[in-house]
Structure formats: C-alpha cells, structure tokens
Amino acid sequence: MGQNLRFLGIVAHPHDFTHFAGTLGVQTALGDTATVVSMTAGVGTHNEKLATELMKPPSEQDPAIINQPAEERAEEKIDELRRACAIFGVTDVRVLGYPDKPFVFERHPDAAEKLREIILEVRPHVIFSQSPYLKGPHGHKSGVQNDHTETANATEMAKSISTLPRLGSGQAPHTVAATYFPGVYFEHEEWDFTVDVSEWFEQRVEAEATYVSQGHTQGYARRRMTLVLGNIGSSVGTMYAEAFVRDKVELLSNITLPESLLKLETQTKLEQIEAITGGGNP
Ligand SMILES: [Zn+2]
C-alpha cells in the first residue's frame, strides 16, 4: 500500500512537531520511516512554571524553579519530545541544541551544515518544515526574525546545499522530492491538502498532554485537539484532520481522486454530517 517513503520533520521547538504528528502516525503505520529534528531544546519557550513563579513576591518564590539549571530544563523538554514522537512510531529523534528565543540562523550558520548531514544520511522524500512565511493576510516572506522562520531558512539552505556534489565528501547529493508546511502557519484558504487523522485523535491528545513543561493538562490537551483538529476536519468532511501547504507546484502523471472525494457522489447530507461527528451523536 505504502510507497516506503522517508519523512523528515525539522522544527524549531520540541512541541512544533505535533502539528504533523498524526500524519506521521498514518505514514509509519503504512511502513514509512520518519525522523524528527528539533533545532533547539526549547529551554526558553513556554516556561509557564517559571513565569508563574516570577509573578509572585520574591519571598514566596520557589528557588528550585527560579534556579533550575538550563540543562535540566533541556532534558525535560527533550524527554517530552521523545515520548511524544514514540506515540506516532517515530523513534529517530534528534535535538541539535541551538539556543532558542531567539534562534538566529545568521549567528549559527553551521545549522545548515548539520541539517545537510542529516538530509544526506536520512535521504528524505518528504520534509515537513517550519514555514518561512509569517502567518497573515499577505503571507509575505518574514522580515521579522522568529525561531520558526529562522529554522525554515536554515532548512531551505540545507536542502539547497544537499543537492550539490561536494569535493572530497564521497557522498551522493540528494534532492528532497516534496516539502510541506503545517497548515497552522497559514490561513484556511491557503491550505493545499489535509490528512485525515481521525484514527490518531486519541494519540494527538496524549501527545499534547505530554508537554507538561509548558503547562499542558489532560483537559487542555483534549480541548485544544478537539478545537484545532476538529476545525480542520469538519471543513473537509471528517472528524479530525491536519492541514498542509506545499512549497511548490507538483507535477501529476494523471488525476486520481481520494476516496473521501469520490464518495461525495453518493453520500447523503446526513452521511456527511455523520462523517464529521463520527456517527456517535444521536
Ligand atoms: Zn515553536
């Protein structure tokens, strides 16, 4: 059934991979392989425990939280990422350990070189990348630095230099067939396609709840996934879906339609409602 594809996700922070986690679950279940690389351990990102503590008067602050060593925080974050990835069959997880908030590609030009090494080792067919665009009505290329767009730029550079033969390297160059950006960085009307992750909903909730270091709870995880994945899903006639934007036009050998569209020909309105609700609602 599957094409034995190799997927590579390159993200800025440990939580960013969740935006395509369900899709990786779908693919690994088909026998495809996946690697996830986080540029940073996300030490400076979403430290809600620290923020809460710092809001208190100094006499009430917990010194264990205020003075937590960065390495310990990094270990927590990396452990969460590994556990979240494992839920979707992803065991090859790498954290490059660049500083976050900010991660500035210009200050760490070796980042592209490290990503090139990974690309030449993994030789991915598909890269899930951070979007180089700022979300907004004009979708313009980011002029403002943020960790996500900087990671996208490092990824673009890495992909580009991976295509070039290098003297003395002994390695064959590699061209990545397709790059997809998670739809969360775009407006709804900019999405190119969605992947049905209804079967992976509970795993998405579990993964979301794994990120305790950024204040996630079971209740929050379920609510967030219901709203985010449910919003995408209901717009395309299923319970839960993840959205993507292609980085380039794809050449098709012919037009084939997915089951989800073909069945529209005979599906009644009631059956369409049932598809969105999972048939569980009276
Ligand atoms: Zn992020």
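**Strand β2 and the surrounding sheet**

Seven of the eight residues of strand β2 are buried, and the strand is therefore largely enclosed by the rest of the structure. Buried here denotes a relative accessible area under 20%. The structure described is a predicted model, and β2 spans residues 33-40.

Strand β2 belongs to an open sheet of seven strands, arranged in the order β3-β2-β1-β4-β5-β7-β6 with mixed pairing. The edges of this sheet are formed by β3 (92-98) and β6 (193-196); each has a single partner strand, so one side of each is left without a neighbour in the sheet. From one strand to the next, the twist averages 25 degrees.

Strands of a sheet pair through backbone hydrogen bonds, in either a parallel or an antiparallel sense. Towards the edge strand β3, β2 pairs in the parallel sense over five bridges. Within this pairing, Val36 has Val93 of β3 as its bridge partner, and Thr40 is matched with Tyr98 of β3. With β1, strand β2 also runs parallel, and six bridges join the two. In this second pairing, Val11 stands opposite Ser38 of β2. The connection between β1 and β2 passes through helix α1, and the resulting β-α-β crossover is right-handed.

Helix α1 comprises residues 21-29 and packs on the sheet. The strands that α1 touches are β1 (6-11), β2, β4 (126-129), β6 and β7 (241-246). The direction of the helix makes about 95 degrees with that of β7.

Helix α1 and several of the strands also contribute to the largest pocket, in which lies about 1800 Å³ of space. This pocket is lined by 43 residues, of which Gln27, Phe193, Thr194, Val195 and Pro258 are the closest to its centre. Two or more lining residues are given by each of α1, β4, β5 (178-182), β6, β7, α9 (259-262) and α10 (269-277). Among the contributors, β6 gives the most to the lining, with four residues. Strand β6 thus has three recorded roles in this description: β6 stands at an edge of the sheet, is touched by helix α1, and supplies four residues to the lining of the largest pocket.

Definitions and conventions:
Residues numbered from 1 in each chain as written. Predicted model: local features only at pLDDT ≥ 70, side-chain atom pairs only at ≥ 80, totals over all residues. Heavy atoms only, no water. Pairing = 2+ DSSP bridges. Axes fitted to C-alpha atoms, helices over the stretch in contact; angles between N-to-C directions. Contact = heavy atoms within 4.5 Å. Buried < 20%, exposed > 50% of the residue type's maximum accessible area, 1.4 Å probe, protein only. Right-handed = clockwise from strand over helix to strand, strands pointing away. 1 Å grid on protein atoms, 1.4 Å probe; cavity = no way out; pocket = protein on both sides within 12 Å on 5 of 7 lines; lining within 4 Å. Points joined across faces, edges and corners; volume = space filled by probe spheres on them.
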